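Visitor: I would like to learn how to read a structure like this one. Can we go feature by feature?

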Amino acid sequence: MQYIRLGSSGLKITQLTLGTALTIGTEIINVSSAGKIINTAWEMGIRSFDTSNNYGMGGAEKMLGRIMKQFNRQEFVLSTKGSWPVGDSPYERGLSRKHIVRAVDDSLKRLDTDYIDLYYAHRYDSETSIEEICRTFNMLIQSGKILYWATSEWPAEALSQCHDICSKLLLEKPIAEQFIYSYAVIKAERNGVIDFCRSHDVGTLGFSPLCQGFLTGKYKSGIPEGSRISKSRAINYDKTANFYAQNKSRIDYFIDTCDKYNADYTAAALQYCINKNIYPVFGASSPEQVIMNVKASEETLPGKLWKDLDSYETGSI
Ligand SMILES: NC(=O)c1ccc[n+]([C@@H]2O[C@H](COP(=O)([O-])OP(=O)(O)OC[C@H]3O[C@@H](n4cnc5c(N)ncnc54)[C@H](OP(=O)(O)O)[C@@H]3O)[C@@H](O)[C@H]2O)c1
């Protein structure tokens, strides 16, 4: 497993990050089953783990923290996030200092750890000034509760303002931006976010690199039992099916192009992101999927595949 450096920071993460949304602590609430997924990721060399205070309403952080206790804290990177609503009051959402300071303390407790390696401002909050946001995240770095900060799904304009303010006030800048990215969903290529990150040496991570399963080919002939769509009611999440409706032409083109070169779908999906230095934050509902995905990220694929995939121009945004 290769390590990559996040942007201009000194923080290295494995090129694959295992995410925990909708799986650990949501669908998988048995610690032994969740442990098998995490342990397999560890055995396969993954040392970067992503969660958030809202996944399973704290359940993902609790489960991940409990399982990670068996490993040396120095040997992995733990990322979590705050700003997504976790309650009804104005103090349970957004990026105000009042919410974020409390959110970090709550995450530390659930994760049962002394520090968070990478803490994300999960969404931009236009009701809090960017200066307050930057100062709050810097204060958290000073306190040792978080080591680095990052953003997720921020508009390019807000990223630009944030980096300008940090430069002016000599504050630590966010080292990475995590956005939705896969062959099927390329809006970050078109809304200026990737361009901003490239020109400012900001690390880029892509979440949902398999388009929630569509780019593994699993839905080619319908909805298989045990798949995220089939479990939508049980996990209280029904948006996966929409991904196909919204990105049908690119998903179909991807599957057809992989078939043309007899290329493994999952390998093509993950390597498509890695080739662009957008490091995948993927999910897995079983240890077998973790093994498949790690192997897929390292498989050799025909060079012509990339040219063909890149030649598709009219995808959805
Ligand atoms: N920053 C943000 O705002 C944000 C938002 C969303 C997610 N995330 C992060 O990104 C992570 C990944 O998101 P995601 O789960 O939507 O992405 P994904 O990696 O595109 O999809 C993962 C799902 O696809 C299926 N799958 C994975 N590997 C497979 C394989 N080899 N063969 C067949 N099916 C396979 C599994 O679902 P089934 O087996 O259940 O079908 C798995 O849970 C999350 O866990 C979270 O950490 C961040």
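Guide: We will take burial, then strand pairing, then a helix, then the ligand shell. Keep in mind that this is a predicted model.

Visitor: Start with burial. Is Gly7 buried or exposed, and why?

Guide: Count neighbours. A residue is buried if 20 or more other C-beta atoms lie within 10 Å of its own, and exposed if 12 or fewer do. Gly7 is buried because 20 other C-beta atoms lie within 10 Å. Gly7 sits in the loop between strand E1 (3–5) and strand E2 (12–14).

Visitor: Which residues does Gly7 touch, leaving out those up to four places away in sequence?

Guide: Gly7 touches Ile175, Ala176, Asp201, Val202 and Gly203. Sequence distance and spatial distance are separate readings. Gly7 and Phe179 are 172 residues apart in sequence, and their C-alpha atoms are 15 Å apart in space.

Visitor: And Ala234: buried or exposed?

Guide: Apply the count again. Ala234 is exposed, because its count is 9 other C-beta atoms within 10 Å. Ala234 also belongs to a loop, the one between E9 and helix H8 (240–260). From Ala234 to Asp50, C-alpha to C-alpha, is 22 Å, with their positions 184 residues apart along the chain.

Visitor: Now strands. How many bridges link E8 to E9, and in which sense do they pair?

Guide: Read the bridges for each pair, then the direction. E8 (residues 176–180) and E9 (residues 203–207) pair in the parallel sense over five bridges. E7 (residues 146–152) also pairs with E8 in the parallel sense, over two bridges.

Visitor: Which residues are the bridge partners of Glu177?

Guide: Take one neighbouring strand at a time. Glu177 of E8 is the bridge partner of Thr151. In E9, the partner of Glu177 is Thr204. As for cover, four of the five residues of E8 are buried.

Visitor: What unit do E7, helix H5 and E8 make?

Guide: Follow the path from strand to helix to strand. E7, helix H5 (residues 156–169) and E8 form a β-α-β unit, and the unit is right-handed.

Visitor: Which strands pair with E10?

Guide: Look for bridges again. E9 and E10 run parallel and share three bridges; one of the partnerships is Gly206 with Pro280. E3 and E10 are parallel too, joined by two bridges. There, Thr17 has Val281 as its bridge partner in E10.

Visitor: Which way do the E10 side chains point?

Guide: Sort a strand by direction. Tyr279 and Val281 point one way from E10, while Pro280 and Phe282 point the other way. All four are buried.

Visitor: Next, a helix. What span does H10 reach, and what is expected?

Guide: Compare end-to-end distance with the ideal rise. H10 (residues 287–298) has 12 residues and reaches 17 Å from its first C-alpha to its last. That is close to the 16 Å expected at 1.5 Å a residue.

Visitor: Which residues of H10 are buried, and where do they lie around the axis?

Guide: List them, then check the arc. Gln289, Val290, Asn293, Val294, Ala296 and Ser297 are the buried ones. They cover an arc of only 160°, so they are on the same side of H10. These residues pack against strand E3 (17–19), helix H1 (31–43), helix H9 (265–275) and strand E10 (279–282).

Visitor: Last, the ligand. How many residues surround it, and which are closest?

Guide: Count the shell, then map it to elements. The ligand has 30 residues around it, and the closest are Gly19, Ala21, Phe207, Leu210 and Gly283. E10 and H10 are the elements that give two or more residues to that shell. H10 gives the most, with three.

Notes:
Residues are numbered from 1 along each chain as its sequence is written. This is a predicted model: local features need pLDDT of at least 70, side-chain atom pairs count only at pLDDT 80 or more; totals for chains, interfaces and linings use all residues. The expected span of a helix is 1.5 Å times one less than its number of residues. The arc is that of the directions from the helix axis to the C-beta atoms. Two residues are in contact if their C-beta atoms, placed from the backbone, lie within 7 Å. Two strands pair if DSSP finds at least two bridges between them. A crossover is right-handed if, with the strands pointing away from the viewer, the path from the first strand over the helix to the second runs clockwise. A residue is near a molecule or strand if its C-beta atom, placed from the backbone, lies within 6 Å of it.
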